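Thanks, everyone. I have one structure to walk you through today. Let's put it on the screen.

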Amino acid sequence: MKLAVYPGTFDPFHAGHLELARLARDLLGATVLVIPDAAPMHRATPHFDHPTRLALIRAALRDEPRIVADGRSATLPHPTRTLDLVRSVTAESGEKPYLLLSDEIAATLPTWEDPTTLARACRLVIFHRAGSDFDRRALIRSVEIGRAPA
């Protein structure tokens, strides 16, 4: 079974998040795991606690086939790294998952801890937002050499 890891703060989960999850499910033919971060590393403390965000996501996904709210970040070391989530899903499924990121978040990937290992551990899927000036080639070069783009 193909899986897609969709991590985020989801504070709150909104229509844009749902649309991206649906698009990934339909284009990739994957089950999408929406994983709210229990202790965000790169964001301010969420307004809603993790159990509340997880419950809100579950309610929003109630009628969505193959899009699942996943609470595993609460069981992993804090702060949870995306690499930890990807490794957890891989260990459970035995397959390399997709990792869904918006181009806004993907642009920060070179500043993350060990982005090259993360890029090798998953199949990276970057969703482009209209009006974004995201430079995919610069991201690829910077992750390959382990530094932020100039």
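Start with one pair of side chains. Asp84 and Arg81 meet in a salt bridge, at 3.1 Å from N to O. Buried or exposed, these two? Both Asp84 and Arg81 are buried. Keep in mind that this is a predicted model.

That pair has company. How many salt bridges does a search of the whole structure find? The search returns 8. Some of them join up. Glu19, Arg22, Arg25, Asp26 and Glu64 form a network of salt bridges.

Let me take that network piece by piece. Arg22 bridges to Glu19, and their closest N and O atoms are 3.8 Å apart. Both residues sit in helix H1. They are 3 residues apart, which is about one turn of the helix. Arg22 has 28% relative accessibility, so it counts as partly exposed. Glu19 has 45%, so it too counts as partly exposed.

Next, Arg25. This residue also belongs to helix H1, which covers residues 15–28. Arg25 forms a salt bridge with Asp26, with the closest N and O atoms 2.9 Å apart. Why does Arg25 count as buried? Because its relative accessibility is 9%, and the cut-off for buried is under 20%. Asp26 sits on the other side of the scale. Its relative accessible area is 54%, so Asp26 is exposed; exposed means over 50%.

What does Arg25 touch, leaving out residues up to four places away in sequence? The list is Ala30, Val32, Glu64, Pro65, Arg66 and Ile67. Two of those names lead us to the sheet. Val32 falls within strand E2, residues 31–36. Ile67 falls within strand E3, residues 67–69. Glu64 we have already met, as a member of the salt-bridge network.

Now the sheet itself. This is an open sheet of 5 strands, and the pairing is parallel. The order is E3-E2-E1-E4-E5. Which strands are at the edges? Strand E3 and strand E5, the latter at residues 123–127. Each of these pairs on one side only. From one strand to the next, the twist averages 25°.

Look at one pairing in detail. Strand E1, residues 3–8, runs parallel to strand E2 over 6 bridges. For a register point, take Leu3: it stands opposite Thr31 in E2. As a reminder, strands of a sheet pair through backbone hydrogen bonds, either parallel or antiparallel.

There is a helix to place against this sheet. Helix H2, residues 50–60, lies across E2 and E3. H2 runs at about 150° to E2.

Step back to the whole chain. The secondary structure comes to 6 helices and 5 strands. Along the sequence, the pattern reads β-α-β-α-β-α-β-α-α-β-α. Follow it on the screen and you will see two helices in a row before the last strand.

Some totals to finish. The protein has 150 residues, and 45% of them count as buried. Take the contacts with a separation of 6 or more. How much of that set comes from residues 24 or more positions apart? They account for 73%. The exposed surface is about 8,200 Å². Carbon and sulfur atoms supply 54% of that area.

One point to take away: Arg25 is buried at 9%, yet it belongs to the salt-bridge network with Glu19, Arg22, Asp26 and Glu64. Over to you for comments.

Definitions and conventions
Residues are numbered from 1 along each chain as its sequence is written. This is a predicted model: local features need pLDDT of at least 70, side-chain atom pairs count only at pLDDT 80 or more; totals for chains, interfaces and linings use all residues. Side-chain values use heavy atoms; hydrogens and water are left out. Two strands pair if DSSP finds at least two bridges between them. Helices (H or I, at least four residues) and strands (E, at least two) are DSSP runs, numbered from the N terminus. Axes are lines fitted to C-alpha atoms, for helices over the stretch in contact, and angles run from 0 to 180 degrees between N-to-C directions. Contact means heavy atoms within 4.5 Å. Buried means under 20% relative accessible area, exposed over 50%, partly exposed in between (1.4 Å probe, protein chains only). A salt bridge is a side-chain nitrogen of Lys or Arg within 4 Å of a carboxyl oxygen of Asp or Glu. Accessible areas come from the Shrake-Rupley method with a 1.4 Å probe; for residues, only the protein chains shown count as cover.
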